[in-house]
Amino acid sequence: MRSILFVCLGNICRSPIAEGVARKIIEEGSYNISVDSAGTGHWHIGEAPCKHSVTVARNHDIDISYLRARQIKKDDFRAFDLIVALDQSNYHDLQTLGCQNLVKLGDYGHGGADVPDPYFFDGFEGFEHVYTMIESCVKELLKR
């Protein structure tokens, strides 16, 4: 595997965290894998990750502040070896678009659970919960 694309809905919270975590693990392990992230929706194209995502990543020595949201394109299905959906809804949307090289991140350590949208939690604690889940799943994904 040489390339991974992490996909959530808007590409401003979960998938940028997953991209940042993967970059850190890849760099520390001297792997030769490129990573990126995208959203299925178009609402946040060009925006930086939300401030809580930037903060939670920074708290774990990861800088995602320079990332910018983009919407997934069908060309991504050929450009990336693996497309990783952060939840079942995005998994379904990607399948509908014709993605074949698709997995769900929660299948790598959380029994298929969705990585929840942190905005459904009160305050910052949801972002820490989501970060912890993403980190453990990305580690397992890269190990396999």
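Helix α1 passes helix α5 in a right-handed crossing. That's one piece of a predicted model with five helices and four strands. Here's a quick tour, starting with the overall build and then moving to the helix pairs and one asparagine.

**Overall build**
- Reading from the N terminus, you get the element order β-α-β-α-α-β-α-β-α.
- The C-alpha atoms fit in a box of roughly 35 × 35 × 30 Å along the principal axes.
- A compact globule of 144 residues would have a radius of gyration near 15 Å, and the protein comes in at 14 Å, so the two agree.

**α1 against α5**
- The axes of α1 (residues 14-29) and α5 come within 9 Å and cross at roughly 45°.
- That angle makes α1 oblique to α5, because angles from 35 up to 65 degrees fall outside the roughly parallel and roughly perpendicular ranges.
- On the α1 side, the contact is made by Arg14, Ile17, Ala18, Val21, Ala22, Ile25 and Ile26.
- The α5 side brings Val130, Tyr131, Ile134, Glu135, Val138, Lys139 and Leu142.
- Sorted by class, the α1 contact with α5 has eleven nonpolar residues, three charged ones and no polar ones.

**α2 against α5**
- Helix α2 (residues 51-58) also pairs up with α5 (residues 125-143): their axes come within 10 Å and cross at roughly 55°.
- α2 and α5 are therefore oblique to each other, and their crossing is right-handed.
- The residues that meet are His52, Ser53 and Val56 from α2, with Phe127, Glu128 and Tyr131 from α5.
- By class, the α2 contact with α5 splits into three nonpolar, two polar and one charged residues.
- Tyr131 of α5 turns up in the contact with α2 and in the contact with α1.

**Asn101 and the stretch around Phe80**
- Asn101 sits in the loop between α4 (88-96) and β4 (102-104).
- Its side chain reaches the backbone oxygen of Phe80 at 2.7 Å.
- A polar atom of the Asn101 side chain also lies 3.3 Å from the backbone oxygen of Asp81.
- Both of these distances are within the 3.5 Å cut-off for a polar contact.
- Setting aside neighbours within four places in sequence, Asn101 is in contact with Phe77, Phe80, Asp81, Leu82 and Ile83.
- Phe80 and Asp81 are thus on the contact list of Asn101, and each also offers a backbone oxygen to the Asn101 side chain.

Conventions. Residues numbered from 1 in each chain as written. Predicted model: local features only at pLDDT ≥ 70, side-chain atom pairs only at ≥ 80, totals over all residues. Heavy atoms only, no water. Helix = DSSP H or I, 4+ residues; strand = E, 2+ residues; numbered from the N terminus. Polar contact = N/O pair within 3.5 Å; in protein donor to acceptor, adjacent residues only side chain to side chain. Contact = heavy atoms within 4.5 Å. Axes fitted to C-alpha atoms, helices over the stretch in contact; angles between N-to-C directions. Parallel < 35°, antiparallel > 145°, perpendicular 65-115°, else oblique. Left-handed = near helix turned anticlockwise from the far one by under 90°. Nonpolar A, V, L, I, M, F, W, Y, C, P; charged D, E, K, R; others polar. Rg over C-alpha atoms; globule rule 2.2 N^0.38 Å.
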